[in-house]
Amino acid sequence: MYPLPEKSSPRAIAFVGTPGAGKTLCVAKAAARAVMKKRRVAVLTSDTKRAGGVDQLRAFTRILKIPLGIVKSAEDFRAQFDAVREADLVFVDTANCNPYIQSELVALTAFLHAVPSEPILVCPAGVDAEETGDIANAFAECGTTRMLITRLDVASRLGGALYGADCGNLSLCNVSMTAQVADGLTAISPVALAKLLIPARHTHKKTSFAEVMK
């Protein structure tokens with residue numbers, strides 16, 4: 001398990017995934033966490049086609065008082081990354097990608113290769129295992145090696161996401177357990193994961209993800 005960097009990274013951290021996975025919120029949470037730790041942060045977004053996508057992220061970055069760059073192409077990505085690479089951390093909200101459309105995967109790969117970057121697959125909990133496996137395999141072909149699991153506050157089953165990570169040979173990094181930006185992203189540990197997967201003895205009470213991660 002390999003959590004997201006908290007101090008600095010020479011590469012852009014690009015959040016990738018399917019529509020509705022929670023990429024924009026994860027970018028906002030990662031940026032908020034870094035700002036609270038007094039890091040220099042920049043945020044870029046290529047999610048310009050989704051209605052309200054840029055406005056949603058702009059609202060977050062305005063509150064955090066950090067710059068937001070609107071990226072329209074791979075060449076633009078390179079230019080804007082060069083302009084903000086003095087920042088400790090650069091987070092990128094990518095456009096939605098359909099993993100079953102090869103042209104979209106090719107376009108995403110070309111985009112990510114424009115600058116030194118690491119794609120992080122954002123995957124919601126409580127989803128179909130086989131479907132998640134397909135998604136993880138597809139994004140692994142784009143260079144993704146880590147998965148961030150979202151919606152743990154509204155899911156009771158983690159197996160689908162874990163199966164997907166295994167199929168794509170992806171390491172788990174962080175989890176999102178709330179829609180509140182200030183609560184940030186939690187690094188998942190082997191002990192916390194074990195507690196989620198192995199119920200407490202002699203009890204049928206379900207342990208929430210939030211309780212386990214305390």
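This briefing describes the fold, the surface, the aromatic pairs and a few loop residues of one protein chain. The model is predicted. The secondary structure of the chain consists of eight helices and eight strands. Its radius of gyration is 17 Å, close to the 17 Å that the globule rule gives for 214 residues, so the chain is as compact as a globular protein of that length.

**Overall form and contacts**

- The C-alpha trace spans about 60 × 40 × 30 Å along the principal axes of the chain.
- Half of the chain is shielded in the sense used here: 50% of the 214 residues count as buried.
- Of the contacts between residues at least 6 apart in sequence, 77% join residues at least 24 apart.

**Surface and charge**

- The exposed area of the chain is about 10700 Å², and 53% of this area comes from carbon and sulfur atoms.
- There are 25 positive and 20 negative side chains in the chain.
- The centre of the positive set and the centre of the negative set lie 9 Å apart.

**Aromatic pairs**

- A pair of aromatic rings is described by the distance of the centres and the angle of the planes.
- The chain has two aromatic pairs by the rule applied.
- One of them joins Phe15 and Phe91, with 6.3 Å from centre to centre and 45° between the planes, and this pair is tilted.
- Phe15 belongs to strand β1 (residues 12–16) and Phe91 to strand β4 (residues 89–93), so-called distant parts of the chain, 76 residues apart.
- Phe15 has a relative accessible area of 0% and is therefore buried, as the limit for buried is under 20%.
- Phe91 also counts as buried, because its relative accessibility is 1%.
- In the pair of Phe77 and Phe111, the ring centres are 4.3 Å apart and the planes meet at 10°, so this pair is stacked.
- This stacked pair also links distant parts of the chain: Phe77 sits in helix α3 (residues 74–84) and Phe111 in helix α4 (residues 102–112), 34 residues apart.
- Phe77 is buried because its relative accessibility is 0%.
- Phe111 has a relative accessible area of 11%, so it is buried as well.

**Gly22 in the loop after β1**

- Gly22 is located in the loop between β1 and α1 (23–36).
- With a relative accessible area of 26%, Gly22 is partly exposed.
- Gly22 and Thr61 are separated by 39 residues in sequence, and their C-alpha atoms are 16 Å apart in space.

**Two loop residues with positive phi**

- Most residues other than glycine have a negative phi.
- Arg151, which is not a glycine, has a positive phi near 65°.
- The loop that holds Arg151 runs between β6 (146–150) and α6 (159–167).
- Arg151 is partly exposed, because its relative accessible area is 40%.
- Asn169 is not a glycine either, yet its phi is positive, at about 55°.
- Asn169 is placed in the loop between α6 and β7 (171–175).
- Asn169 counts as exposed, because its relative accessibility is 68% and the limit for exposed is over 50%.

How values were computed
Residues numbered from 1 in each chain as written. Predicted model: local features only at pLDDT ≥ 70, side-chain atom pairs only at ≥ 80, totals over all residues. Heavy atoms only, no water. Helix = DSSP H or I, 4+ residues; strand = E, 2+ residues; numbered from the N terminus. Rg over C-alpha atoms; globule rule 2.2 N^0.38 Å. Buried < 20%, exposed > 50% of the residue type's maximum accessible area, 1.4 Å probe, protein only. Contact = heavy atoms within 4.5 Å. Areas by Shrake-Rupley, 256 points an atom, 1.4 Å probe, with all protein chains shown as cover. Lys, Arg positive; Asp, Glu negative; His and termini not counted. Charge placed at Lys NZ, Arg CZ, Asp CG, Glu CD. Phe/Tyr/Trp six-rings, centres within 6.5 Å; stacked < 30°, edge-to-face > 60°.
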